Amino acid sequence: MEIAVIGAGISGLSAARLLEESGHAVTVLEGSGKPGGLIRCDVVSGGLFHRVGGHIFNTKIDRVAKWFWSQFDREKEFIKAKRNAKILFEGQLVGYPIENHLYELSPEKVKRIIHELMILEGRGYKAPFSYNNFEEFLLGNFGETLYQIYFKPYNQKIWHTDLTEISLEWLEGKLPMPNYREIISRNITREGETEMVHSSFYYPFTGGSQFIADRLAENLDIRYGVRVAQIEASENKIRIEGSIYDSMIYTGDIRLLHNMLNVNDEGLVSSLKSVSSLRSNGTSNLFCETDDTDISWLYIPGSSTRAHRIINSGNFSPNNNPPEGRKTCTVEFSGEVSREDMEKEIKVLPGNLKVLDMNYEPNSYVIQTSGVREKIDHIRSKLRKYKIFPIGRFAEWEYYNMDKAIDSAMNCVDFLKD
Ligand SMILES: Cc1cc2nc3c(=O)[nH]c(=O)nc-3n(C[C@H](O)[C@H](O)[C@H](O)COP(=O)(O)OP(=O)(O)OC[C@H]3O[C@@H](n4cnc5c(N)ncnc54)[C@H](O)[C@@H]3O)c2cc1C
């Protein structure tokens with residue numbers, strides 16, 4: 001088949017490679033000038049700037065690991081590192097996740113938290129997905145005090161959204177969900193974050209996640225600078241930018257598809273319109289020089305700055321830092337924040353930070369409200385008739401990490417094989 005892939009982020013690149021491996025002819029159309037999407041990086045002042053986040057790789061999905069490592073030499077091209085995450089809590093560094101490090105809080109807070117956990121234990125265990133929304137889950141799982149001092153301020157900084165509006169579907173596999181007994185025993189056994197999803201990770205020696213994107217883009221037919229605005233689809237053919245394809249994989253924003261897709265199918269168009277006003281959050285990233293630290297991620301729940309974390313990507317690989325000078329890091333703010341404001345706000349942060357560059361990414365986090373999954377599934381099944389497949393973070397409206405995005409590309413390619 002002749003297949004068009006819209007977008008050269010990790011989803012589009014993985015799908016394109018997998019399709020080529022299965023013998024299809026693939027053209028990738030990418031709006032920007034280079035591959036990567038959210039995982040793109042640039043060298044700035046001799047250091048590596050992850051324009052969004054600070055992407056590291058790991059996966060618990062066997063087939064994703066097998067395929068990913070067939071594209072790279074794990075020993076020679078990647079570093080394996082352990083996460084050392086901390087929380088800047090009331091001016092002090094506390095281990096992450098906070099519930100495993102209660103012993104580092106004041107005795108007064110510990111007493112209150114344990115008391116509340118015992119009450120919750122007495123009420124009986126409630127499975128995470130039986131809560132109605134994110135706030136109920138946090139309160140029911142961690143108690144009022146931990147919620148008020150940490151989970152509420154931190155999550156409100158990230159989501160800019162009433163936590164009762166956020167559904168729990170996105171949580172699966174993303175956050176630890178310890179029950180009360182586990183919390184108490186982990187504080188006694190001093191188990192840190194070994195159980196966390198990302199407790200260790202792989203990171204390229206050179207080029208960060210751009211290295212991953214560049215490798216996956218090698219030998220693919222990618223047309224850069226082509227932002228697709230019109231797609232004409234019938235049951236047999238799809239026309240994009242003057243070329244005809246048998247099938248299309250879409251990795252862009254599902255909210256925009258109703259405007260792009262020219263198709264004689266009122267049901268489909270109205271389903272696409274039903275997701276056109278979903279909400280997302282952008283992130284503003286300040287690339288900085290920093291004093292040396294062994295911390296990889298520093299989480300910042302406090303209200304003295306809108307920054308919610310520092311990603312010390314200079315610790316992920318020595319090649320991420322300028323040959324002379326200090327290490328580099330990214331300070332991440334949720335939403336659009338001006339450089340001037342960010343520069344003012346980082347003064348309260350540790351590291352004696354000096355700004356090198358900034359980036360605003362309008363689409364970083366999808367906000368998953370209840371019922372979105374059903375809507376997207378419905379759209380997916382309707383698009384299948386036209387051999388159009390939405391995959392990826394903003395096309396499927398899922399809180400995907402890279403490995404889940406690759407897994408989704410694999411599912412799609414398996415479907416096309418059948
Ligand atoms: C702050 C942050 C930190 C993260 N950290 C990690 C991490 O450490 N590890 C991890 O595994 N994952 C991480 N993730 C998740 C990871 O970034 C995503 O899962 C992944 O990058 C999604 O890839 P994608 O291809 O689905 O989408 P995108 O990366 O958004 O790619 C979509 C591509 O399509 C192009 N495009 C869109 N519309 C069009 C159009 N109409 N025409 C042409 N081109 C178009 C875009 O330009 C873009 O290149 C993080 C995400 C964020 C926001």
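In this predicted model, a polar side-chain atom of Glu-30 sits 2.7 Å from an oxygen atom of the ligand. Two nitrogen contacts join that one. Right next in the numbering, Gly-31 brings a backbone N or O atom to 3.0 Å from a nitrogen atom of the ligand, and Asn-401 places a polar side-chain atom 3.0 Å from a ligand nitrogen. The protein covers a good share of the molecule: on its own the ligand would expose 1000 Å², and 91% of that is buried by the protein.

Stepping back to the whole shell, 32 residues surround the ligand, and those that come nearest are Ser-11, Glu-30, His-55, Ile-56 and Tyr-400. Sorted by class, the shell is made up of 13 nonpolar, 14 polar and five charged residues. As for where they come from, helix H1 (10-21), strand S2 (25-30) and strand S19 (354-366) each put in at least two residues. At the domain level, domain 1 (2-31 + 225-278 + 368-417) and domain 3 (280-366) each give at least three residues to the shell.

Two of those shell elements, S2 and S19, also turn up in the sheets described here. Strand S2 belongs to an open sheet of five strands, ordered S9-S2-S1-S13-S20 and paired in parallel fashion. Its edges are taken by strand S9 (222-224) and strand S20 (388-390); each has a single partner strand, so one side of each has no neighbour in the sheet. On average, neighbouring strands here are turned by 15° against each other, direction ignored. Towards the S20 end, strand S13 (residues 247-250) pairs with S20 in the parallel sense over three bridges, and Tyr-250 stands opposite Pro-390 of S20.

Strand S19, for its part, lies in an open sheet of seven strands with mixed pairing, running in the order S7-S6-S16-S17-S18-S15-S19. S19 is an edge strand there, as is strand S7 (92-95), and each of the two pairs on one side only. Neighbouring strands of this sheet are turned by 25° against each other on average, again ignoring direction. Inside the sheet, strand S15 (residues 280-290) and strand S18 (residues 327-334) run antiparallel and pair over eight bridges. One of the residue pairs in this stretch links Thr-283 to its bridge partner in S18, Ser-334. In general, the strands of a sheet pair through backbone hydrogen bonds, in either a parallel or an antiparallel sense.

Terms used
Residues numbered from 1 in each chain as written. Predicted model: local features only at pLDDT ≥ 70, side-chain atom pairs only at ≥ 80, totals over all residues. Heavy atoms only, no water. Near = heavy atom within 4 Å. Polar contact = N/O pair within 3.5 Å; in protein donor to acceptor, adjacent residues only side chain to side chain. Areas by Shrake-Rupley, 256 points an atom, 1.4 Å probe, with all protein chains shown as cover. Helix = DSSP H or I, 4+ residues; strand = E, 2+ residues; numbered from the N terminus. Nonpolar A, V, L, I, M, F, W, Y, C, P; charged D, E, K, R; others polar. Domains from an automatic or database assignment. Pairing = 2+ DSSP bridges. Axes fitted to C-alpha atoms, helices over the stretch in contact; angles between N-to-C directions.
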